[in-house]
Amino acid sequence: MAKTRELCKDIRDKIVDLHKTGMGYRTIGKQLGEKVTTVGAIIRKWKKFKMTVNLPRSGAPCKISPRGASMIMRKVRDQPRTTRQDLVSDLKRAGTTVSKKTISNTLHRHGLKSCSARKVTLLKPAHAQAHLKFANNHLDDPEEEWEKVMWSDEIRIELFGLNSTRGVWMKKEEYNPKNTLPTVNHGGGNIIIWGCFSAKGTGRLHRIEGRMDGAICCGILANNLLPSVRAIEDVSWLGLPA
């Protein structure tokens, strides 16, 4: 049976207003062009609930209990890289059989979405502390000072295919360490490119041959970074602590 057309709120309110004036169901139906049964249903609803809008429908019962939902939320909060199949298996062992779609719907209702994990450079604790110290030291620097800074770094580019990705469940914490994939700057099947940039433009681009070490780094800075700084007026070089 086809779904019937629902009346807008204005028509429903008019039906109730005419009923309050003492007008009968048939008369209201003829005046507004609606069926008597429709007019009667709207008036009965208004008498019972004092409202004309449709009541929210319960829909199908949730297959995952509140306890089960708490369990999978706790799992993805502690281990964001957990897959939907992992959660399906966990619930099955607990006595609840659901599909991966049901898992997705439950996580979405709790504000979580599946995203590709951000790739960040693998840092030792000493590196992380040095970066944090650098950020705190320059936290209050005026914007015009940063416009005079040139940044430099190297990046690995895969020659064949795409870098592997991994999905994580998260809200708005994409750079939380639990939601990232650490990377290193060296490996096979790729090329390593060094470059630099500032607010006033980009500098030289250099391909790194072989393994990056201190000697190569010093050569790059002397032969590429300094000429790039000189080519852009009013720019100095600022490097992150190693």
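A residue counts as exposed when its relative accessible area is over 50%, and as buried when that value is under 20%; keep these two words in mind as you move through this predicted model.

Start with the whole protein on screen, coloured by secondary structure, where you will find nine helices and eight strands. Of its 242 residues, 27% count as buried, and the accessible surface comes to about 16,900 Å², with 54% of that area belonging to carbon and sulfur atoms. If you look at contacts between residues at least 6 apart in sequence, 67% of them join residues that are at least 24 apart.

Next, select residues 9-20, which form helix α1, together with residues 25-32, which form helix α2; their axes come within 10 Å and cross at roughly 140 degrees. That angle makes α1 oblique to α2, and the crossing of the two helices is right-handed. To see what touches what, show the side chains of Ile-11, Lys-14, Ile-15, Leu-18 and His-19 on α1, and then those of Tyr-25, Ile-28, Gln-31 and Leu-32 on α2, since these residues make the contact. Sorted by class, the residues where α1 meets α2 comprise six nonpolar, two polar and one charged.

Now move along the chain to the loop between α3 (36-49) and α4, and select Lys-50, which has its place there. Is Lys-50 buried or exposed? Its relative accessible area is 61%, and because exposed means over 50%, Lys-50 is exposed. The backbone deserves a look here as well, for the phi of Lys-50 is near 60 degrees, a positive value in a residue other than glycine. As a general rule, most residues other than glycine have a negative phi.

From there, select helix α4 (residues 66-78) and helix α6 (residues 100-109), which pack with their axes 11 Å apart and at an angle of about 80 degrees. The two helices, α4 and α6, are therefore roughly perpendicular to each other. On the α4 side the contact is made by Ala-69, Ile-72, Met-73 and Val-76, while α6 contributes Ile-103, Thr-106 and Leu-107. In this contact of α4 with α6, six residues are nonpolar, one is polar and none is charged.

Stay on α6 for the last stop, and highlight Thr-102, Ile-103, Ser-104, Thr-106 and Leu-107, which are buried. Finally, step past α6 to Gly-111, which follows this helix and whose phi is positive, near 85 degrees.

How values were computed:
Residues are numbered from 1 along each chain as its sequence is written. This is a predicted model: local features need pLDDT of at least 70, side-chain atom pairs count only at pLDDT 80 or more; totals for chains, interfaces and linings use all residues. Side-chain values use heavy atoms; hydrogens and water are left out. Helices (H or I, at least four residues) and strands (E, at least two) are DSSP runs, numbered from the N terminus. Buried means under 20% relative accessible area, exposed over 50%, partly exposed in between (1.4 Å probe, protein chains only). Contact means heavy atoms within 4.5 Å. Accessible areas come from the Shrake-Rupley method with a 1.4 Å probe; for residues, only the protein chains shown count as cover. Axes are lines fitted to C-alpha atoms, for helices over the stretch in contact, and angles run from 0 to 180 degrees between N-to-C directions. Angles under 35 degrees count as roughly parallel, over 145 as roughly antiparallel, 65 to 115 as roughly perpendicular and the rest as oblique. A crossing is left-handed if the near helix is turned anticlockwise from the far one by less than a right angle, and right-handed if clockwise. Ala, Val, Leu, Ile, Met, Phe, Trp, Tyr, Cys and Pro count as nonpolar, Asp, Glu, Lys and Arg as charged, and the others, Gly among them, as polar.
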